[in-house]
Amino acid sequence: MKTILLHGWLVKVFIVLLWGIAIAMRLTMHDDTRDNLLFTLIAFSNFLLYLMVAMRLPLLTHNKMAVLLPDYSQKLKKVLLLVFGVSLLPTLLVLPDVVTWLAFISISILAILIFVAMIYQPIYQIFIWLLILMPLPMAMLDISLNKGILFTTLAWLLPLIIWFAYVLLNKLVNYRGNHKHISKIIATMNVSMGNTLSIQDSIPFANRTKLAQWWGNSHFNYYRKLINDATNSSQKLSNRKLIEISCQSANSFGVNAYVIWSVGITLLCVLALVIDESYHHLFTPMVTLIPALIIGTGSITLFQIIQCKKSYLARLAILPRFKQHNSFSRAFLGYVFYNQAILYCFIAMLLAVTAKIFGHINVTVYLNSVLILLVYCLVTISMMLLTWRAAQNYCNPVVWLMIIGFIGTIVFTTHMATSGMVLLVYNGIFQWILIASLLLLSFSVFRQLTDK
Amino acid sequence: MEQFIISPSSGIPIYKQLYSQIERMVLNGYFSVDQRLPSVRQVASDLDVNPMTVSKAYGLLEERGYLTRLRGKGMVVTARDDEVLQQEKLTMLDEMIKELLAQAKQMGISDDKVVQMINRNVANKQDETVGKE
Amino acid sequence: MTCIVNVKGLTKSYKNQSVLKGLSWEIEPGDVVGLLGKNGAGKSTLLKSLLNISDIDSGEISIFGEQYNQLSSKNKARIGYVPQENDEISWLSVNDLINFRKQFYSTWSDEKVTELISRWEIDATKKIAELSPGQVQRVLIILALAPMPDLLIFDEPAASLDPAGRRDFLKEILTLVSDENITVIFSTHITSDLERIANKVAILDRGKICYFNGLDVTKESVVQLIVHCKKEQDITIPYLLRGKVHSQGQYGVVSQLDQVWLAEMKEQAVEVTINPMGLEDIFLELTA
């Protein structure tokens, strides 16, 4: 059971690494910032662990054989308690501050409850949004949060939380409900990282949620219209458009995604213009999170889609219209560049608008962020192209690389934004990085156009 | 050691197929008196059939006096007087003749015609043996 | 007589379609029961219901004398089940999966696992997703056999096995059956598998076990009859499933051979020819 819950060495190594850093910090640092840093580090690593375990949990609770295996629920309970127990070991580093430690355990249990609830009943995802939006109403209602009081309360509430969690745990290990939703989660968990999105296309249309049905329909309607227009008029679809149409999935980052995000951002901006300027800083986490989310999903989705449409595209490539040398490769490159360029421009614009309104970043930071994102973009495109050409299937590691690179980019960008550096274009190291990524891209483009 | 042939998908139960095969083998002397028959497990695994089926056939043969169960030895062919054996053989032949007549009737051939044919066959055979000599 | 499995009045419906309609069934220890049924008759549903894998609407089920949804751990360990569709975690290796299952059983036989894995040529380091359907089925069979169960339930076990694999699987079951007194229930629509190893046949049709009898008895009693008689004689064949009247007599298939009636016919000098039928034909006649 442990192997199933904790499968995958990458995340495990990452978590253990974070714990290692925490231990090192505990031993070496002695100033005031230490406790806060330790707290954040351990919380981050443990939450990652809990999220991973929570996501794997349906595989065990909704295993068909569960009712047949002797003592299944007791064993499952024991394993879950064991994992939780081990995860508490690094929290000992917070000691000798007992109140913080107890509060930390309370927070951990609450986080676990939310994670598990979110996985089993998607409606509970609202908790996350509530947490992100929390500062806003609190500032509006003028409630000032005292960390000390909060922690003491949490520490005192610990017995109650433990009792509550234990009751829920007993329910969970025997839980068999919400079958439809769980089977979707299991399907997603059952494929490797490279195919998580494409698997969702295999869910029968009728089994999707109403929202997903509407989303898929409106997304495909645009392309249906493109095809219809082309059939009705004498003008043929361009090669690039043809590839674009064949690379669509219900999860593509398409026209409606852009529209929805634009509307959302506009609403947020309008809200920001209406309310008092002093509250603007409360929006900062949200306006930094949104562009990050868009660029992350936009690039990874494209990668997964072209990977899983590979055989379909290969069949497309033998159409008579692609008989000219390299015409398919050129059209394919055109599609990838076009798709990513739009994404990138959208993000740059979005950043500009939010920076103007919320003023959370100045011009230098803005330009720097855009440049860093450009590098990220160039590197991901090269990775996509290289993986596409590769004979072997590197899908999984590449998706992981993209995610890690993505997190790295975000961390670097925020760090840079707060440390107020000069314009990166003048920075020698950055110039080299930019040149290197450009070279990498040209190499991958070159490979795409040569051989075969 | 695959001395028995069965056809599982035929309409005749496997135990009956085995029964009549072994019965015939005992009567025609393929299995001599006191010879040990292969064990139930052996037959079942050779033929890929349920051992219960095999023991059912053996049980029936034992009941009818063809086989005797010996402790520690399994099933052996029973020693019987020639008279009884002869009787058994005749009974079996009788069954076969009945079957033959029934078949003939289905084809619209009269019993007299069948008797005629048998006589002719017997005569032919005698001629052959005479010719050889 | 204590039954291993005892079902009374089992009903189950999906949405508005009822699948099982008050089904009753009793299985005795040592039986090797073949469960036949058309596609969609509810064979899988029935087997899953027995094991509490899918919920039932009403009815009583007991296994080893205990209520089916409150089986003790001891009795759970006595059951081996091979599902029709594989829903094991696809990214686990065969070894991982075996270790995962092993922890639940005290009677787990490592020798059996090693023997079958090498006999069936399964690469245990491979992931489940990398195996062919036939290999996956073999792994599932190994997982079911390894705890040395007393009751084995197979749902279409041979569906994705090739002929050689199927024969080998049957052999394995036969060895188990002859070595120990275990009870086997397996659903199938391949009647030839059943004819070799089953000693009882159950037919599931229209939501009920419409026929349950010994295989040999079935073959002896469900037969084709040709009654050679004239039209005027007006003979009614007892237990008739399906019949036709010809100019030279009657033709019919009966679910049971009535000896008294046969003797009567003999008295009346009416000739009756009895033709045995293969299980496949019997199945088709009984579910027609």
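How far apart do the C-alpha centres of domain 1 of chain B and domain 2 of chain B lie? They lie 28 Å apart. The structure described here is a predicted model.

**Domains of chains B and C**

The domain assignment splits chain B into domain 1, residues 14-77, and domain 2, residues 82-132. Chain C is likewise divided, with domain 1 covering 5-216 and domain 2 covering 222-287. The table sets out the separation of the C-alpha centres in each chain.

| Domain pair | Distance between C-alpha centres |
|---|---|
| domain 1 of chain B and domain 2 of chain B | 28 Å |
| domain 1 of chain C and domain 2 of chain C | 37 Å |

In chain C, contacts between the domains involve nine residues of domain 1 and five residues of domain 2. On the domain 1 side, two or more residues come from each of α7 (191-197), β9 (200-205) and β10 (208-214) of chain C. The most is given by α7(C), with three residues. By class, this side of domain 1 of chain C has five nonpolar residues, one polar residue and three charged residues.

**Where chain C touches chain B**

Chain C also has contacts with chain B: 20 residues of chain C meet 15 residues of chain B. At least two residues of the chain C side are supplied by each of α6 (163-179), α7, α8 (215-221) and α10 (279-287) of chain C. Six residues come from α6(C), the largest share. The side of chain C that touches chain B consists of eight nonpolar, four polar and eight charged residues. Helix α7 of chain C thus appears on both sides described so far: the one that touches chain B and the one in domain 1 that touches domain 2 of chain C.

**A strand pair in chain C**

Strand β6 of chain C covers residues 79-82. C:Ile79 and C:Tyr81 point one way from this strand, while C:Gly80 and C:Val82 point the other way. In a regular strand, side chains alternate between the two faces of the sheet. All four of these β6(C) residues are buried. The strand pairs with β7 (residues 151-155) of chain C in the parallel sense, over four bridges. Within this pairing, C:Gly80 of β6(C) stands opposite C:Leu152 in β7(C).

**Confidence in chain A**

Chain A has an average pLDDT of 77, and 82% of its residues score at least 70. Which helix of chain A has the lowest confidence, and which the highest? The lowest is α10 (residues 198-201) of chain A, with a mean of 62, and the highest is α4 (residues 72-88) of chain A, at 86. Where pLDDT is low, the predicted coordinates should not be read in detail.

Note on methods:
Residues are numbered from 1 along each chain as its sequence is written. Chains are lettered from A and ligands numbered from 1 in the order in which they are written. This is a predicted model: local features need pLDDT of at least 70, side-chain atom pairs count only at pLDDT 80 or more; totals for chains, interfaces and linings use all residues. Domain bounds come from an automatic or database domain assignment. Two residues are in contact if their C-beta atoms, placed from the backbone, lie within 7 Å. Ala, Val, Leu, Ile, Met, Phe, Trp, Tyr, Cys and Pro count as nonpolar, Asp, Glu, Lys and Arg as charged, and the others, Gly among them, as polar. A residue is buried if 20 or more other C-beta atoms lie within 10 Å of its own, exposed if 12 or fewer, and partly exposed in between; C-beta atoms are placed from the backbone. Two strands pair if DSSP finds at least two bridges between them. pLDDT is the predictor's confidence in each residue, from 0 to 100.
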